[in-house]
Amino acid sequence: VLCIDVITPSFRCNHKNIVAICTVTVPDDVTTTFWIVIDNPSFLNHEVYTLEAELNNNLDERWRDRARVRVLRNSENIGAAESRNYGLRCSSADYIVFLDDDTLPRKDILCVYKNAFLSRPDVKAFAGGIDFPPPSSLFQCGCKLAHVSYFMGIADKLASPRWGVTANLASVRTRVMFRNKFPKTGGGEDIDYCLRLEGPVISLPNARVEHPWWDDYGHFFRWAIGDGRMVDLFKGYTYRTFPNSAEMLLIFFVIMTISSISQRHFSPFWFF
């Protein structure tokens, strides 16, 4: 019997998405615990018990003896990475599937991951596919045109990316944990986690979830903060290139300044 657990950190406690995650099909010969880690201390104890009871009652009778839901609550807001670690410490599974609380997974997602784990025991992690709905606002259209969601859909672009995003990521159970060096809302911790697994990451586009568009710039700023820390954490992957954007601006202003000074000194018509 294979043991595959699902870990979902949640601050929003989006009921629809959490129910969708906990009602995916559990494959034959697989036991699963859905670990929902509530990272919102305002969520009361009786709400935790009520939610856990509801989610367990929603389990399909066909696999109710092989699946269960556990809802955990942090006493303080510790962030997505540490919440995943809480789930990892509680889990004893052989394989872990990370799903974000704003995703809607396909019913067969665990079936696809199970087959991948069994057919590719050499692989450390699988990057699942992510779909976005059609954009419904100018901001969402801008996000699509700017390709800010590029790595969210990396499973459809590269067969073996260096990392996948934790919105839909599955990995073999190892001693590797998420490091508390990134923004609480996420950004960079998935890169850090996959690189420290020290093994191949393979795309698995058939293991799909739907992810909503964003409606503010905050996510991208926090991603930049977290991703920027990779430079210090993984110096072996860094390289120097000239000129970059900042250096181009500096060169431009230096040339413009020199040009302006030259005109003033050597042209009697500089003031025109």
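Is cysteine 194 buried or exposed? Cysteine 194 is buried, and its relative accessible area is 0%. I will come back to that residue after an overview. Please keep in mind throughout that this is a predicted model.

First, the whole chain. The protein has 272 residues, and 46% of them are buried. Its secondary structure comes to nine helices and eight strands. The C-alpha trace spans about 90 × 40 × 35 Å along the principal axes. If you take the contacts between residues at least 6 apart in sequence, 82% of them join residues at least 24 apart.

On the surface, the protein exposes about 14,800 Å², and carbon and sulfur atoms supply 57% of that area. As for charge, there are 30 positive and 30 negative charges, and the mean positions of the two sets are 4 Å apart.

Now the cysteines. How many disulfides does the structure hold? The count is zero. As a reminder, a disulfide is a covalent bond between the sulfur atoms of two cysteines. Take cysteine 90: the closest cysteine sulfur belongs to cysteine 3 and is 13 Å away, so the pair is too far apart for a bond. Cysteine 143 is in no disulfide either, and the nearest cysteine sulfur, in cysteine 141, is 9.2 Å from its own. The cut-off used for a disulfide is 2.5 Å between the sulfurs.

The surroundings of these cysteines can be read off as well. Cysteine 90 counts as partly exposed, at 32% relative accessibility. Cysteine 143 is buried, with a relative accessible area of 4%. Cysteine 194, the residue I opened with, is buried at 0% and lies in helix α6. Leaving aside neighbours within four places in sequence, cysteine 194 is in contact with Arg162, Trp163, Gly164, Leu169 and Val201. For a sense of distance, the C-alpha atom of cysteine 194 is 31 Å from that of phenylalanine 43, a residue 151 places away along the chain.

Staying with helix α6, which covers residues 189–197, glutamate 189 also lies in it. What does the side chain of glutamate 189 make a polar contact with? The partner is the side chain of arginine 84, at 3.1 Å. Glutamate 189 counts as buried, at 4% relative accessibility. Beyond its neighbours within four places in sequence, glutamate 189 is in contact with Ala81, Arg84, Thr166, Phe178 and Phe182.

Two of those names take us to helix α3, where Ala81 and Arg84 are among the buried residues. Helix α3 runs over residues 80–90 and is mostly covered, with eight of its eleven residues buried. The others on the buried list are Ala80, Glu82, Ser83, Asn85, Gly87 and Leu88. What do the buried residues of α3 pack against? They pack against three strands, β1 (2–10), β2 (30–38) and β4 (95–99), and against helix α6. A general point for reading any such list: an α-helix has 3.6 residues a turn, so residues three or four places apart point the same way.

Next, a buried residue in a loop. Histidine 211 is placed in the loop between β8 and α7, the helix at 218–228. Histidine 211 is buried, with a relative accessible area of 4%. Its side chain makes a polar contact with the side chain of aspartate 102, at 3.2 Å. Not counting residues up to four places away in sequence, histidine 211 touches Asp102, Thr103, Ile130, Asp131, Phe132, Pro133, Met152 and Ala167.

Last, two backbone details to look at on the screen. Aspartate 29 is not a glycine, yet it has a positive phi of about 60°. Aspartate 29 lies in the loop between α1 (15–22) and β2, and is exposed, with a relative accessible area of 55%. Glutamate 198, likewise not a glycine, has a positive phi of about 55°. The loop that holds glutamate 198 is the one between α6 and β8 (201–210). Glutamate 198 is exposed, with a relative accessible area of 70%.

To recap the side-chain pairs: glutamate 189 with arginine 84, and histidine 211 with aspartate 102. That is what I have for today.

Technical notes:
Residues are numbered from 1 along each chain as its sequence is written. This is a predicted model: local features need pLDDT of at least 70, side-chain atom pairs count only at pLDDT 80 or more; totals for chains, interfaces and linings use all residues. Side-chain values use heavy atoms; hydrogens and water are left out. Helices (H or I, at least four residues) and strands (E, at least two) are DSSP runs, numbered from the N terminus. Buried means under 20% relative accessible area, exposed over 50%, partly exposed in between (1.4 Å probe, protein chains only). Contact means heavy atoms within 4.5 Å. Accessible areas come from the Shrake-Rupley method with a 1.4 Å probe; for residues, only the protein chains shown count as cover. Lys and Arg count as positive and Asp and Glu as negative; His and the chain ends are not counted. The place of a charge is taken as NZ of Lys, CZ of Arg, CG of Asp or CD of Glu. A polar contact is a pair of N or O atoms within 3.5 Å; within protein, one must be able to donate a hydrogen and the other to accept it, and residues adjacent in sequence count only if both atoms are side-chain atoms.
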